[in-house]
There are 2 protein chains.
Amino acid sequence: MKERDLIDRIVSKLPPSPPEILHGIGDDTALLRVRESSDLLVTTDSQREGVHFRWDWMTPEEVGYRLVVVNASDVYSKGGKPFSAFVTLALPSGFSEATVDKLYDGILAGCLEFGAYLSGGDISRTTGGVDLTMTLLGMVPKDQFIPRNGLVHGDRIYSIGRPGFARAGYLALSRGDFSEKLSEPIATFKRPRTFPSFPSWFLKHPFLSASMDSSDGLGQALSSLARSSGVSIVLDSAPDLDYLSPVANVLSVDPRKLALEGGEDYDLVVGVSEDKAKEFESVARDLFHDQSHDQVTYWGRVDSSGVAGAVVTDGTYDIWDWGFDHVGG
Amino acid sequence: MKERDLIDRIVSKLPPSPPEILHGIGDDTALLRVRESSDLLVTTDSQREGVHFRWDWMTPEEVGYRLVVVNASDVYSKGGKPFSAFVTLALPSGFSEATVDKLYDGILAGCLEFGAYLSGGDISRTTGGVDLTMTLLGMVPKDQFIPRNGLVHGDRIYSIGRPGFARAGYLALSRGDFSEKLSEPIATFKRPRTFPSFPSWFLKHPFLSASMDSSDGLGQALSSLARSSGVSIVLDSAPDLDYLSPVANVLSVDPRKLALEGGEDYDLVVGVSEDKAKEFESVARDLFHDQSHDQVTYWGRVDSSGVAGAVVTDGTYDIWDWGFDHVGG
């Protein structure tokens, strides 16, 4: 398989390009036009064989699709929408052409679903396993970016989604436990969903002080939000985890620990000012509960007098360093 | 080494951010502002251990610096200037912290030199060798993008640089031949240069019909230009290769073949309308000959009546498929 033939085949699968893509694949760089009313969002995330995925757990389409979700999730969490994607693919020598096609089928399905146009990339050989990296560009209306560092004293912290579900799926796959009750967690792990409706929703209800996605686990997301904002977060001792308890029971793990340790969830974690909390709960539940059983879960409140970056509860938990760490261990 | 500590250390080395970087490292996405008078350029290229570099040939600083050059070269070749960089780093388990620091020293030196601000990225573990991927964003004044597909009948084709030099360096390193005459080719291979002055030069002398960089070899660049433009290129049978012949002699290879096969050169290959060719030669030589011995070399002319994409000469050469191929082989 020649690099050029592979690129030709990918290009032949692309729909017509939208107006903001002035030059896509086939030149030294892509040429894009950002709307004057918008700023540019950029994120980059990888899926590496043996680190983020295993071939005996996931199909190539699922791997490709997930590559798009993990990036789109970052863009949506900031209040923006994806528009242009770049994919770097590294292949071991002799890798199956049919599998490459399926990887791109998954990538292109994700790009189509989330409005990102595949605009360029790079293909090379690797001495290791298959490695996919995407850089995803989004646009956000000027001054509508929702940062991590906006938490202030008294803010309420919520997750939108089902923190712990993907981790439960990972544990089920690791143990080879395919009980009926674990089928949805497994599906969540293999094919995570994200929140394309969040940016429009936020424009109508702009009362979030901070937002991020929980790709490295809810605990680590809470820690990052607190650290960025220079505040601490005091966790509620009894979050409503009815969505997770049956699953946690099957796996014999503590549901709260499962939710906080998480990882690969791609849920949203947001801060809401105290006086808007009730309104937020109501409008967020209306929108998100209808979609794929996502929950709006209250986790705790912001304390500006505590240790910056600390996430504490009644003394039992200190999750400063919880969650996935992709380098150390 | 924890991912967060590593990121903190990288951030501590960054200079203050320029105004177009509204949010850099430390959020789910970067937030950037593109000038209203400009369009956005995006390119992505990798340096993979065992594929693009070997530790016994290059220092970590050289690897990091080269990662920036290979990307900046694409942006400059389109008439634009880099402004924002994203780096994805994959590390084997237990990889030396000191080496990571040196990789980033090289990356940051390149970013500083070429005006790109390190704005985000991703760090993860890999089961293979070290892998660095950069996505580089540039800005180009609206309607100043120089594409690959602009060649028309009669255009003259030139290279700016020293095609074949990096390949000679690669051959010298492969053979362990450290003759005096090969020291400059080796230096060119390890530490390629690029053309930061090209975009400003082009604004003053806007008579190029097409442009690209020769990262995959001059032959492949000619082939890509011809293919994109739907024309053929007829090579001059005796290009002036005085800059390369002494080196080719030491290596006992044909200088023309060495120049065309090339690879890792990061020279510019451009098309100029026939009536502007003399003026181009004069002004380009004035500018580029003064800098690091770069040459302006005439290679041939564009023929719109030939086979689209073909690069031919007197029958001896057909370089349709010459140059590096990062996948096949």
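## Annotated positions and chain pairing in a predicted two-chain model

In an unreviewed entry, UniProt gives the annotation "binding site" to A:Tyr104, A:Gly121, A:Asp122, A:Arg148 and A:Ser215. These positions span 112 residues in sequence and their farthest two C-alpha atoms are 32.1 Å apart, so they do not all gather at one spot. UniProt positions follow the numbering used here, feature names are shortened, and annotations may be inferred rather than shown by experiment. The model is predicted, so local features need pLDDT of at least 70 and side-chain atom pairs count only at pLDDT 80 or more, while totals for chains, interfaces and linings use all residues. Residues are numbered from 1 along each chain as its sequence is written, chains are lettered from A and ligands numbered from 1 in the order in which they are written, and side-chain values use heavy atoms, with hydrogens and water left out.

A further "binding site" listing, also from an unreviewed UniProt entry, names A:His52, A:Glu264 and A:Phe324. The table places three of the annotated residues; helices (H or I, at least four residues) and strands (E, at least two) are DSSP runs, numbered from the N terminus.

| Residue | Place in chain A | Relative accessibility |
|---|---|---|
| A:Asp122 | strand S5 (residues 117-125) | 12%, buried |
| A:Ser215 | loop between strand S8 (208-213) and helix H7 (218-229) | 18%, buried |
| A:Glu264 | loop between helix H9 (255-261) and strand S10 (268-272) | 6%, buried |

Here buried means under 20% relative accessible area, exposed over 50%, and partly exposed in between, with a 1.4 Å probe and protein chains only.

Contact means heavy atoms within 4.5 Å. Not counting residues up to four places away in sequence, A:Ser215 touches A:Glu264, from the other listing, together with A:Gly263, A:Asp265 and A:Tyr266. The side chain of A:Ser215 also makes a polar contact of 3.2 Å with that of A:Asp213; such a contact is a pair of N or O atoms within 3.5 Å, where within protein one must be able to donate a hydrogen and the other to accept it, and residues adjacent in sequence count only if both atoms are side-chain atoms.

With neighbours within four places in sequence left aside, A:Asp122 is in contact with A:Val87, A:Thr88 and A:Leu89 and with B:Thr44, B:Asp45 and B:Ser46 of chain B.

Chain A superposes on chain B by a rotation of 180° with 0.0 Å of shift along its axis (RMSD 0.0 Å), by least squares on the C-alpha atoms of residues with pLDDT of at least 70 in both. The two copies are thus related as by a two-fold rotation axis, and in chain A the C-alpha nearest that axis belongs to A:Gly128, 1.9 Å from it. Of the interface residues of chain A, 99% are also interface residues in chain B, so the copies meet through the same surface.
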